[in-house]
Amino acid sequence: MSLKTNKKETTVKDKKRFSSNIGGDILCKSIFEENTEHLEADVVLINGKILTLDDADTIAQAVAIKDGKIIGVGSNDAIKKFVGQKTQVIDLKGLTATPGLVDSHNHFPGADSLYILDLTYPNVKSIAEIIELVGKKIQTLNPGEWVLGRGWDEEKLEEKRYIYASDLDPVSPNNPVWLMHSSLHFGVANSYALKLANINRDTEDPQGGNIDRSSDGTPTGLLREKAMELVRRLIPQFTEEQQIEGLKHMCKQLNQEGITAVIDPGIGFLEAGENADIVKWNRYKKLLEEGDLSVRVFVLWLSGQNEKEAQELINRLQLLKSTNDANLADMLISGGVKMFLDGVPGTAWVYDEWNRNFYEKDPGNYGSPVIDPEVFRRLVKMYHSAGIHIEVHAVGDRAIDWVLESFIEALREKPIKGLRHGIIHADILSERAIEWIAELQKRFDAGYVYAQPVLMWWLGDYCAGYYGPERSQRYCPLRTYLEKGIIWGSGSDYPVNPLPPGIGIWASVTRQTLLGKYGKNVFGDKQSIDVRSALKSYTKWNAYLMFMEKKLGSIEVGKYADIAVWDRDIYTISIEEIKNLKCLMTMLGGRIVYKAAEAPIEIKTTLDT
């Protein structure tokens, strides 16, 4: 199947294609430009199974790299000519290599990844264990200091219910507590924190948020969407040193998973305080300047909520562009804006009432937008007219339709092609939405989908309970995308879901849930896809969504040598093995940024004859 857009892909007519025998040995391959034939490579990889992901899905043995870019791909014999006295030779010992993976939706949490309680399953399996961790943390703090945690999910807890302030209060009478849910769209505060935030029976819900209450009106501690900020704005910021160390830690985690590029979907999303977005951008810059940024970061800026705020953001982005700070060495890129239209399953904006407990309907619950839809549409038109790329968080089918209609109206008024506007999540789409997406991609190079297949496994039980039987079958319709020629990119939504891309690739094929609460196959298999397509969604298609398809996403001459080496061949191993795929080495621009201690890779300075 060929995925087509209105952009013509670069082809090199004089490149010769691989030919291979049944065993997969490369007989002949010469894929380099004439002016590179006599270059001496800085690094060569030999004796590998190189899954290039070029248009022909070629498999090679060796790669030559100079100045961070690929100058040759082919057989061992073809690459020997690039080896000189100073060339570093890396013998892959038959291991499989792919392009460095790209995560199209990763919140890059920084200090959070080091300095707050990890409440994810299976680290904690019950509310009792969470309370125990909170109590132990308080023993290390002074009265009045905050306890922070993240990652709990009621579906994975033994009690199968939310955490409430009443659970936390007995162990935290003198300390404020804030524990973020795994979805990042709500959390729970203890009574001390609620009091600090002046949240009581008389407190009205903020626009776009909800304060959960008991039957007598008393706040339970659960705060959803915009209501979270009533507490979060009171939480002291991590120190600059802690933030920088957290970002360094995240870079290492990403490299250990073979990831060499990410889209950070909303600078400021995980930080409170004025100008948090500018602060994080500057932290990325500092890491880049000091040589510690070992992944390419495509940044989205959080949208304003009204025309005045949107115009201020447009002015800021135009200033970045005018000062040549919008793209720093293809490592830190100001990519566009992130907008929100709705929330999560159960609160997102839908045509048919949400379910509860999978089979039952939740009468009157159609969810709602988190911003006035007409204001949202005006902001879309403002960003589009300014030539700015837009990505919109939309989960419900009604929200997705509204986003697409907004794109269409903006394009009618100003038909700018190539801005590649897209929808983040796009969980449950109407049939017309899929047709609109296909047409937008074909005619305007827009309407792309940023999916998170890993969510079907990690949060699938939680989501299916709200989707119900019919909607669950059409969740994340990857097979339909393939059939319609629709390009999408896959990501983790870390820290909402686990980071390893292998789990996302596996989930794209199996569509199974972690706990099987409503059946392991609640999402069905009609929308399952093949492994090769799933891998493309983490490499070349994500590179396209970063506007870097000529520089990343495949192992081809002229592209950056961003390469991941694996312990197994993803094309030939069983489906179940893919979930546990392990990265053994990661290269960014030809530089090794991660190597597992157990990797049987040999690095030398001469090529044995």
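**Local backbone features, buried residues and helix packing**

Lys-93 is located in the loop that joins β8 (88-91) to β9. In this predicted model, Lys-93 has a positive phi of about 55 degrees although it is not a glycine. With a relative accessibility of 45%, Lys-93 counts as partly exposed. A second non-glycine residue with a positive phi is Asn-324, for which the value is about 60 degrees. Asn-324 belongs to the loop between α9 and β19 (327-328), and its relative accessibility of 63% makes it count as exposed. Most residues other than glycine have a negative phi, and most peptide bonds are trans.

Cis peptide bonds occur at two prolines, described in turn here. The bond from Tyr-121 to Pro-122 is cis, and its omega is near 5 degrees. Pro-122 is situated in the loop between β11 (117-118) and α3 (127-138). The bond from Tyr-494 to Pro-495 is likewise cis, with omega near 10 degrees. In this case the proline, Pro-495, is placed in the loop between β26 (488-490) and α16 (501-510).

The strand that follows the loop of Lys-93 is β9, which spans residues 96-99 and includes Thr-96. Thr-96 has a relative accessibility of 4% and therefore counts as buried, since the cut-off is under 20%. Its C-alpha atom is separated by 7.1 Å from that of Asp-567, a residue 471 positions away along the chain. Apart from neighbours within four places in sequence, Thr-96 is in contact with Lys-49 and Leu-51, and also with Ala-564, Val-565, Trp-566, Arg-568 and Asp-569.

Another buried residue is Asn-190, at 0% relative accessibility. Asn-190 occupies the loop between β14 (186-189) and α5 (191-196). A polar atom of the Asn-190 side chain lies 2.9 Å from the backbone nitrogen of Val-177. Val-177 is also one of the residues that Asn-190 touches when those up to four places away in sequence are not counted. The others are Ala-165, Leu-168, Asp-169, Ser-172, Asn-175 and Pro-176.

Helix α10 (residues 373-385) packs against helix α9 (residues 307-322) at an angle of about 20 degrees, and the two axes are 10 Å apart. Because angles under 35 degrees count as roughly parallel, α9 is roughly parallel to α10. The crossing of α9 past α10 is right-handed. On the α9 side, the contact is made by Glu-307, Ala-310, Gln-311, Leu-313 and Ile-314, and on the α10 side by Arg-378, Leu-379, Met-382 and Tyr-383. Grouped by class, the residues of this contact are six nonpolar, one polar and two charged.

Helix α10 also packs against helix α11 (residues 397-413), here at an angle of about 45 degrees with the axes 9 Å apart. The helices α10 and α11 are therefore oblique to each other. In this pair too, the crossing is right-handed. From α10, the contact involves Pro-373, Glu-374, Phe-376, Arg-377, Val-380, Lys-381 and His-384. From α11, the contact involves Trp-402, Val-403, Glu-405, Ser-406, Phe-407, Glu-409, Ala-410, Leu-411 and Glu-413. Eight nonpolar, two polar and six charged residues make up the contact of α10 with α11.

Conventions:
Residues numbered from 1 in each chain as written. Predicted model: local features only at pLDDT ≥ 70, side-chain atom pairs only at ≥ 80, totals over all residues. Heavy atoms only, no water. Helix = DSSP H or I, 4+ residues; strand = E, 2+ residues; numbered from the N terminus. Buried < 20%, exposed > 50% of the residue type's maximum accessible area, 1.4 Å probe, protein only. Polar contact = N/O pair within 3.5 Å; in protein donor to acceptor, adjacent residues only side chain to side chain. Contact = heavy atoms within 4.5 Å. Axes fitted to C-alpha atoms, helices over the stretch in contact; angles between N-to-C directions. Parallel < 35°, antiparallel > 145°, perpendicular 65-115°, else oblique. Left-handed = near helix turned anticlockwise from the far one by under 90°. Nonpolar A, V, L, I, M, F, W, Y, C, P; charged D, E, K, R; others polar.
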